[in-house]
Amino acid sequence: MSTINFNIIQLFTQLHTVFKNNILAMADMDGLILASTDPKQVGLFHEGARKVIDERLESLMTPCQGHAPATRMDLSLPLVVDGAAVGAAVVRGEVKETMRHGNLLKKTMEYLLRESDAVEQKKMEENARHRFMEQWLTQKEAAASQQFIKRGLSLGIDITAEYRVIIIEVEGIARVEYTDTIEDTVAENVIFSKIYDLLSEEVQSVRGHSTHIDFQVICCVPLRSNSMVLGFSTKIRQLVEERYAKIVKIGIDEKAENVSVSLKKAKKALERSLRMIEEDINLYENIDIDIFIDEVQDEIKQQYINKIYKNCTEEEIEEIIHIVNSYFKNNRSIAETSSELFMHKNTLQYKIKKILSATGYDMRDVKDATVLYLAGLFKSSQNVVR
């Protein structure tokens with residue numbers, strides 16, 4: 001059953017611009033005035049409003065309550081939504097005006113109440129879907145029961161179908177710093193909501209489902225090839241970047257026995273995307289060393305980092321990691337690495353010698369390059385807040 005909520009009251013108080021010569025009031029089922037264009041009326045009991053509800057009258061004209069002129073009357077009308085009374089509208093004014101404006105006010109308020117109900121119902125359905133998807137994605141045992149399968153179908157989600165899992169994070173939103181102001185946090189929440197709505201529409205267009213957990217958007221799309229999933233991921237990344245000027249990082253799963261395992265793999269792929277400045281989208285099957293990075297204790301990582309970078313500043317470490325990552329990405333080709341880094345080959349050779357001088361490791365040697373690459377992965381993993 002519909003209820004008169006705060007938003008409806010706020011809208012009601014704006015109606016004085018339409019009904020300028022009348023005093024309007026809206027009462028609850030007990031006849032108490034919840035809103036009025038005359039603030040003094042709020043909280044008072046209105047006998048006519050209560051009577052028109054209790055006796056199920058179509059309307060009731062009564063003398064004005066209070067000290068209004070005798071020529072002015074109160075017209076009380078029930079507010080009915082889906083066959084049930086939810087309150088009453090009261091119009092105070094000259095008799096002809098109240099009769100003319102009363103039905104218009106009644107229809108306007110009933111329409112607003114129905115719309116408010118529809119919004120609330122949609123919100124409830126969305127919350128139910130979010131709760132269901134979070135349980136489905138994180139509790140593989142629950143997904144096995146017939147009751148859970150039926151619950152999914154009632155929400156329009158067939159969990160017996162096969163899906164690919166894509167996890168998306170928007171840089172600058174999910175990793176909220178403790179120094180952020182309340183205003184910044186609220187602004188980030190608003191932007192995230194808009195981005196989530198945009199992504200949800202795209203996922204629905206391919207008959208998929210989406211939810212969000214801790215500012216990460218999780219998409220389950222019908223089983224398809226890597227090239228198609230990559231194409232879809234590239235499209236949504238471009239949409240967000242073009243519309244909101246935000247960098248998007250994406251991780252894509254590898255086919256698994258259930259979505260909870262797929263989600264874990266997608267998260268691993270996302271962690272690599274977050275570590276690599278030049279890589280926004282990663283497939284789980286394309287990552288290697290990254291798989292065990294999170295299994296190494298932070299203390300061990302720090303000891304390793306201190307050993308390799310002991311003579312380097314933070315700025316120098318950042319440059320070393322950038323160069324080493326590019327070097328590995330380009331199959332240890334000096335020509336291709338220098339091209340990607342927009343520097344002359346001689347400049348790159350000079351920087352490689354500087355890295356050798358600072359760390360004692362020569363990038364041109366396979367073993368040394370691997371040591372530097374692993375140190376970079378450990379260092380980058382420290383910058384990914386979980």
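Rings of Phe, Tyr and Trp, the last taken by its six-membered ring, are counted as a pair if their centres lie within 6.5 Å, and a pair is called stacked when the planes are under 30 degrees apart. By that criterion this structure, which is a predicted model, holds 5 aromatic pairs. The points below take up two of these pairs, then helix 3, the nonpolar cores and the cysteines.

**Aromatic pairs**

- The ring centres of phenylalanine 132 and phenylalanine 148 are 4.4 Å apart and the planes meet at 20°, so this pair is stacked.
- Because phenylalanine 132 belongs to helix 3 (residues 95-138) and phenylalanine 148 to helix 4 (residues 146-154), the pair ties together parts that are 16 residues apart in sequence.
- Both partners are buried: phenylalanine 132 has a relative accessible area of 0%, and phenylalanine 148 has one of 6%.
- In the pair formed by phenylalanine 328 and tyrosine 373, the ring centres are 4.6 Å apart with the planes at 25°, so this pair is stacked as well.
- Phenylalanine 328 sits in helix 10 (residues 314-329) and tyrosine 373 in helix 13 (residues 366-382), so the contact between the rings ties together parts that are 45 residues apart in sequence.
- Here the two partners differ in exposure, since phenylalanine 328 is partly exposed at a relative accessible area of 26%, whereas tyrosine 373 is buried at 7%.

**Helix 3**

- The 44 residues of helix 3 should span 64 Å at 1.5 Å a residue, and this agrees with the end C-alpha atoms, which are 64 Å apart.
- Helix 3 nevertheless contains a kink of about 30°, and this kink is centred on histidine 101.

**Nonpolar cores**

- The largest nonpolar core comprises 28 residues, and those with the most contacts inside it are Ile308, Tyr309, Met363 and Leu372.
- At least two residues of this core are supplied by each of helix 9, helix 10, helix 12 (345-359) and helix 13, with helix 13 providing the largest share, 8 residues.
- Tyrosine 309, leaving aside residues up to four places away in sequence, touches Ile317, Ile320, Ile321, Thr359, Leu372, Ala375, Gly376 and Lys379.
- A second core, separate from the largest one, has 24 residues, and among them are Val170, Ile173, Tyr196 and Val229.

**Cysteine 312**

- Cysteine 312 is found in the loop between helix 9 (298-308) and helix 10, and at 15% relative accessibility this residue counts as buried.
- When residues up to four places away in sequence are not counted, cysteine 312 touches Ile317, Ile320, Ala358 and Thr359.
- Although cysteine 312 and isoleucine 355 are 43 residues apart along the chain, their C-alpha atoms are separated by 9.3 Å.

**Cysteine 219, cysteine 220 and the disulfide search**

- A search of the whole structure finds 0 disulfides, the cut-off for such a pair being cysteine sulfur atoms within 2.5 Å.
- For cysteine 219, the closest cysteine sulfur is that of cysteine 220, at 7.7 Å, which is too far for a bond; seen from cysteine 220, the closest is in turn that of cysteine 219, at 7.7 Å.
- Cysteine 219 is buried, with a relative accessible area of 0%, and cysteine 220 is likewise buried at 0%.

Methods: Residues are numbered from 1 along each chain as its sequence is written. This is a predicted model: local features need pLDDT of at least 70, side-chain atom pairs count only at pLDDT 80 or more; totals for chains, interfaces and linings use all residues. Side-chain values use heavy atoms; hydrogens and water are left out. Rings of Phe, Tyr and Trp (its six-membered ring) pair if their centres lie within 6.5 Å; planes under 30 degrees apart count as stacked, over 60 as edge-to-face and the rest as tilted. Helices (H or I, at least four residues) and strands (E, at least two) are DSSP runs, numbered from the N terminus. Buried means under 20% relative accessible area, exposed over 50%, partly exposed in between (1.4 Å probe, protein chains only). Contact means heavy atoms within 4.5 Å. The expected span of a helix is 1.5 Å times one less than its number of residues. The bend at a residue is the angle between axes fitted to the seven residues ending there and the seven starting there. A nonpolar core is a set of buried Ala, Val, Leu, Ile, Met, Phe, Trp, Tyr and Cys residues joined through side-chain atoms within 4.5 Å.
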